[in-house]
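Here is a set of short questions and answers for a first look at a structure. Keep the view open as you read.

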Amino acid sequence: MKNTPRRSSPPLRSPEQRRGDPESIEGRTDDLGTLALRVLLPGFAGTTLPDAYRALLVQGLGGVCYFGSNTADGPAALAALSAEIRGANPAAVVAVDEEGGDVSRLHTREPSPVLGAAALGGAADLELTESVGRWVGHELASVGVTLDLAPDADVNSDPGNPVIGTRSFGVDPEQVAAHVAAWTRGLQSTGVAACAKHFPGHGDTSTDSHLDLPRIDIDADTLAVRELVPFDAAVEAGTAAVMTSHIVVPAIDPDRPATLSPLVLGMLREVLGFDGVVVSDALDMAGASAALGIPEAAVQALAAGCDLLCLGPDKPAALVLEVRDAIVAAVGDGRLTHDRLADAARRVAAMGVPATATQPELPDASRQAGAAASATRVDGDLPHLAGAAVVSVDTVANIAVGDVAWGLPPDHRLDPVSLADGLPGAVPDGVPLVVQVRDAGRQPEVLAFLRALAEEGRPAVVVEWGWPSTRDVGLTTISTRGSSAPGVAAVTQLLRGAGWTR
């Protein structure tokens with residue numbers, strides 16, 4: 001890793017290009033309240049712009065982050081919403097989490113049309129990874145999104161990780177780094193800004209930072225040769241932004257999560273030479289604000305070095321104003337300097353104007369199909385599946401994935417709470433089964449159900465749509481490395497080869 005500063009590469013605008021831009025804050029004197037609004041990225045509820053948010057945008061709100069509740073009306077409505085946001089504030093950032101595969105805000109009713117990170121890493125086709133990033137960028141530009149909170153640069157070294165899993169390109173730092181760089185180049189070639197996450201690395205955790213405060217107990221050398229390698233590659237590729245994580249890394253700072261740690265964020269600037277926008281992960285997550293509250297977490301994140309503060313989904317305008325006022329008060333009492341706040345606002349303004357929307361073209365279908373097939377692993381021999389019923393175990397996805405379609409359309413759904421009771425009566429006796437699961441390896445009740453099914457002797461195959469498990473359940477298992485439309489097609493082809501006819 002280099003120690004010399006580097007700046008984000010095009011398509012972002014240079015200071016020379018921004019000079020004279022009426023929306024740039026360079027050369028302006030803004031009051032503290034306006035500066036404080038400029039660094040905030042909240043999300044509102046619903047598919048229409050609330051009047052209170054429109055007023056905040058006119059006053060200078062830094063931007064809006066879309067979540068699932070904002071995208072439900074489809075791409076045309078979302079494009080109109082983006083236009084309305086930027087009509088109220090032409091400088092506003094419009095952000096979203098669109099990783100492809102399992103994490104999609106634009107494709108929730110059916111699996112994403114592009115492979116996710118783990119499948120791309122398994123396929124080891126960097127040109128395809130870049131083309132997927134490029135397609136995502138074109139799609140986001142067509143609905144007015146300017147910042148994609150992707151790709152995931154975490155090395156998923158803990159197979160039981162409850163929040164990263166298939167969002168990661170893999171377990172090898174160099175492999176992850178190569179795919180992160182390729183995906184970033186593809187996305188940013190469309191004019192949409194990328195945001196590598198979750199610095200300094202969320203892959204070696206067994207705790208979900210949405211719900212608690214994880215710790216990564218590794219030494220500084222391991223951090224450097226594993227966690228930081230993909231982020232260094234993202235910086236080299238010119239990523240516009242890097243997102244922090246709400247995790248404690250005692251080797252660097254034993255007391256504060258990365259989002260609130262000037263030591264950790266100083267390492268991003270000084271060791272990796274990153275000169276772009278540091279985006280906080282959502283500050284409503286327990287790892288950031290359970291002990292502090294969102295307004296105080298926002299103040300500490302800014303003081304630590306964050307530039308754009310994601311507040312989380314479905315937030316009332318009153319909370320945004322409360323955070324603004326807390327920032328202003330912190331400048332007044334000396335806990336946050338005016339220069340730090342102004343610098344953060346300057347960096348956010350430098351991310352540039354929206355990309356010119358173009359019609360997205362999916363990566364070559366045969367190439368995606370081949371990649372999905374090569375990333376899919378089959379452990380055991382497939383039984384004869386003529387007439388097989390598809391049974392989905394409806395485990396709750398982690399918060400980052402959300403409530404989205406996954407896998408094959410099921411004939412029957414099973415509640416994980418009642419798995420100990422076995423198959424319900426609605427599942428016909430004697431027919432072969434295709435049992436769909438997600439991350440069974442970290443769910444004892446699902447593993448117990450699958451083992452009991454194996455003991456019954458009924459022909460069955462398990463399709464694992466989450467992170468591949470190393471736990472033997474006594475059944476042939478197809479591991480997909482994440483759900484997507486190409487992944488579903490690859491599994492369908494395998495099952496049909498075993499006599500499945502649906």
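Q: In this predicted model, is Arg-481 buried, partly exposed or exposed?
A: The place to look is the loop between β14 and α16. Arg-481 has a relative accessible area of 27% there. Buried means under 20% and exposed means over 50%, so Arg-481 is partly exposed.

Q: What is the phi of Arg-481?
A: Most residues other than glycine have a negative phi. Arg-481 is not a glycine, yet its phi is positive. The value is about 65°.

Q: Which residue in the loop between β12 and α15 has a positive phi although it is not a glycine?
A: The loop runs between β12 and α15 (444–456). The phi in question is about 55°. The residue is Asp-439.

Q: Which elements do the buried residues of α16 pack against?
A: Helix α16 covers residues 485–497. Its buried residues are Pro-486, Gly-487, Val-488, Ala-490, Val-491, Thr-492 and Leu-495. They pack against α14, β12 (433–437), β13 (460–464) and β14 (476–479).

Q: How far does α16 reach from its first C-alpha to its last?
A: Helix α16 has 13 residues. At 1.5 Å a residue, 18 Å is expected. The reach is close to that, at 19 Å.

Q: At what angle do α14 and α16 pack?
A: Helix α14 spans residues 365–375, and its axis lies 8 Å from that of α16. The crossing is right-handed. The angle is about 65°.

Q: How do the residues of the contact of α14 with α16 divide into nonpolar, polar and charged?
A: From α14 come Gln-368, Ala-372 and Ala-373. From α16 come Pro-486, Gly-487 and Ala-490. The division is four nonpolar, two polar and no charged.

Q: Are α7 and α8 roughly parallel or roughly antiparallel?
A: Helix α7 (residues 173–188) and helix α8 (residues 220–236) have axes that come within 8 Å. They cross at roughly 20°. Angles under 35 degrees count as roughly parallel, so α7 and α8 are roughly parallel.

Q: How many nonpolar residues are in the contact of α7 with α8?
A: On the α7 side are Pro-173, Glu-174, Val-176, Ala-177, Val-180 and Ala-181. On the α8 side are Val-225, Arg-226, Val-229, Pro-230, Ala-233 and Ala-234. There are no polar and two charged residues in this contact, and the nonpolar ones number 10.

Q: Is the crossing of α11 and α12 right-handed or left-handed?
A: Helix α11 (residues 294–304) and helix α12 (residues 317–332) have axes 9 Å apart. Their angle is about 45°, so the two helices are oblique to each other. The crossing is right-handed.

Q: How many charged residues are in the contact of α11 with α12?
A: Ile-294, Pro-295, Ala-298, Val-299 and Leu-302 in α11 take part. They meet Leu-319, Glu-322, Val-323, Ala-326, Ile-327 and Ala-330 in α12. The contact has 10 nonpolar and no polar residues, and the charged count is one.

Q: Is Cys-65 buried or exposed?
A: Cys-65 lies in strand β2 (residues 63–66). Beyond its neighbours within four places in sequence, its contacts include Leu-41, Pro-42, Ala-95 and Leu-149. Its relative accessible area is 0%, so Cys-65 is buried.

Q: How far apart in space are Cys-65 and Pro-313?
A: In sequence, 248 residues separate Cys-65 and Pro-313. In space, C-alpha to C-alpha, the distance is 7.6 Å.

Q: Is Gly-101 buried or exposed?
A: Gly-101 sits in the loop between β3 (93–96) and α5 (117–123). Leaving aside neighbours within four places in sequence, its contacts include Ser-112, Val-114, Ser-483 and Ser-484. Its relative accessibility is 6%, so Gly-101 is buried.

Q: Which residue does a cis peptide bond join to Ala-150?
A: Most peptide bonds are trans. Here omega is about 10°. The partner is found in the loop between β4 (147–148) and α7, and it is Pro-151.

Q: What is omega for the cis peptide bond that joins Phe-199 and Pro-200?
A: Pro-200 is in the loop between β5 (193–199) and α8. For its bond with Phe-199, omega is about 5°.

Definitions and conventions. Residues are numbered from 1 along each chain as its sequence is written. This is a predicted model: local features need pLDDT of at least 70, side-chain atom pairs count only at pLDDT 80 or more; totals for chains, interfaces and linings use all residues. Side-chain values use heavy atoms; hydrogens and water are left out. Axes are lines fitted to C-alpha atoms, for helices over the stretch in contact, and angles run from 0 to 180 degrees between N-to-C directions. Helices (H or I, at least four residues) and strands (E, at least two) are DSSP runs, numbered from the N terminus. Angles under 35 degrees count as roughly parallel, over 145 as roughly antiparallel, 65 to 115 as roughly perpendicular and the rest as oblique. Contact means heavy atoms within 4.5 Å. Ala, Val, Leu, Ile, Met, Phe, Trp, Tyr, Cys and Pro count as nonpolar, Asp, Glu, Lys and Arg as charged, and the others, Gly among them, as polar. A crossing is left-handed if the near helix is turned anticlockwise from the far one by less than a right angle, and right-handed if clockwise. The expected span of a helix is 1.5 Å times one less than its number of residues. Buried means under 20% relative accessible area, exposed over 50%, partly exposed in between (1.4 Å probe, protein chains only).
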